[in-house]
Amino acid sequence: MSQSTCPVCQVMKESMRTCSRCGVMAYCGERCQRSDWAKHKNICKKNKFKVVQLEGRGTAVVAVEIVEAGTEVLEEQPVLVVSVPSSVVEARILLQEGYEENWGEEDPGTFRNHVCKVLVDRAVWSLEQNKKAVYRNMFDKNKPKTDMGIFLTNALPLGSYSLMGVFPIINRINHSCQPNCHVHWNTETNREVLYVTSRLQIGTELTISYLDLLTQMPTKQGRQTYLSHHFHFTCSCILCSLTGSQLEEDDKVRLEAKYLADQLKEENMKNTETSLPLLNKIYNCFSSVPFPPATQWVFYASGFHLHCRTGDLKMAERCLKMAMGLLEMCKGRCSREFKLLEKEWNRIENKNNKIFH
């Protein structure tokens, strides 16, 4: 079990007293909780989840009520944001005297880490004291704990890997290869949004995926290797617990789905005669083994556009309906992507109404 730091007295303890209302803020005891209430009450609100300690899982987030799929349960601002330069020239300009010329001779991963360390140190130094305490209270997969280690353990891409953010609550959500939640960066509000993608019972742990389950290491062995290398843990989720023929079949379907996705990417959906059969095969993969809605919706949206090009409006409408349903579950009806698909749906509805009238 990992230790947490009391935000009031800075004492580190394994067992903390969590606010019964928000289920997030934790203190070393009643005295510190009472002394912080004047400040905390301004942001404290009842959530559909709470932060707990689970045996064998460490810090986790669990549901405190039944939550339906498609529910937005959290919209969170990052406590720390780092803009990562994509080239040596950009790094020189951004870091100025903090840049060292020999970094340009390193491999891309090492170069990125050198640059990130300078940027993270600067970002943490400029944080307000309370935010700095929140940041340094977060988990570091390495010992001893460092600001850079916290960043490497927790940072999430904010739309792309050129902008990385660390979040006090979302970063406490554990991984599953069959997640029940999805997070995405809202560029309009500059917040990370958490959606539930399958119905949660009271006490169910909220999980997200730390990797792309379609294109990144789709087999159990591949996923385990990736997670062990990057996050220092062995996944024991429902998918990684499969054995024997069930595991063989799951791995086989996921490898096929990856191959089909790579083929579609290579073709760029230019040829309907070859792309549509590939899409139909990947739909079969989706119906055979579980893939997150965030993975699936893009392919059904592509199917809609391809069927429109062939004139098969019935299949186009079916694909569009699937894409919208999946997208609503993982990004909500207010997302930019959903609104674009909704426009297409309204266009089809108006066309159908004109035909019948």
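**Exercise 1. Find the loop that holds P144, then say what kind of peptide bond joins K143 and P144.**

*Solution.* Start with the place: P144 sits in the loop between α4 (129-136) and α5 (147-154). Keep in mind that you're looking at a predicted model. Now check the bond itself: omega is about -5° between K143 and P144, and the peptide bond is cis. As a bit of background, most peptide bonds are trans.

**Exercise 2. Work out where N190 and H232 lie, and what sign phi has in each.**

*Solution.* Take N190 to begin with. You'll find N190 in the loop between β12 (181-186) and β13 (191-196). Its phi is near 55°, so the sign is positive, in a residue that isn't glycine. Next, go to H232, in the loop between α6 (220-231) and α7. H232 isn't a glycine either, and its phi is positive at about 60°. For context, most residues other than glycine have a negative phi.

**Exercise 3. Decide whether N190 and H232 are buried, partly exposed or exposed.**

*Solution.* You need the cut-offs: under 20% relative accessible area is buried, over 50% is exposed, and partly exposed is in between. N190 has 45% relative accessibility, so it counts as partly exposed. H232 has 45% relative accessibility, so it counts as partly exposed too.

**Exercise 4. Place M322 in the structure and describe its exposure.**

*Solution.* Look in helix α10 (residues 313-331), where M322 is found. Its relative accessible area is 36%, so M322 is partly exposed. Then try F299, which is 23 residues away from M322 along the chain: their C-alpha atoms are separated by 9.8 Å.

**Exercise 5. Explore the largest nonpolar core: which elements give it two or more residues?**

*Solution.* This core has 33 residues, and those touching the most other members include F286, W297 and F299. The elements giving two or more residues are α7 (244-267), α8 (272-288), α9 (293-310), α10 and α11 (336-356). Helix α10 supplies the largest share, eight residues. Zoom in on F286: leaving out neighbours within four places in sequence, F286 contacts F291, Q296, F299 and Y300. There's also a second, separate core of 25 residues, with V79, Y99, V118 and L127 among them.

**Exercise 6. Step back: how many helices and strands does the protein chain have, and why is it called as compact as a globular protein of that length?**

*Solution.* Count eleven helices and 14 strands. The radius of gyration is 23 Å, close to the 21 Å that the globule rule gives for 357 residues, so the chain is as compact as a globular protein of that length. Lastly, 44% of the 357 residues count as buried.

Methods. Residues are numbered from 1 along each chain as its sequence is written. This is a predicted model: local features need pLDDT of at least 70, side-chain atom pairs count only at pLDDT 80 or more; totals for chains, interfaces and linings use all residues. Side-chain values use heavy atoms; hydrogens and water are left out. Helices (H or I, at least four residues) and strands (E, at least two) are DSSP runs, numbered from the N terminus. The radius of gyration is taken over C-alpha atoms; the globule rule is 2.2 Å times the number of residues to the power 0.38. Buried means under 20% relative accessible area, exposed over 50%, partly exposed in between (1.4 Å probe, protein chains only). A nonpolar core is a set of buried Ala, Val, Leu, Ile, Met, Phe, Trp, Tyr and Cys residues joined through side-chain atoms within 4.5 Å. Contact means heavy atoms within 4.5 Å.
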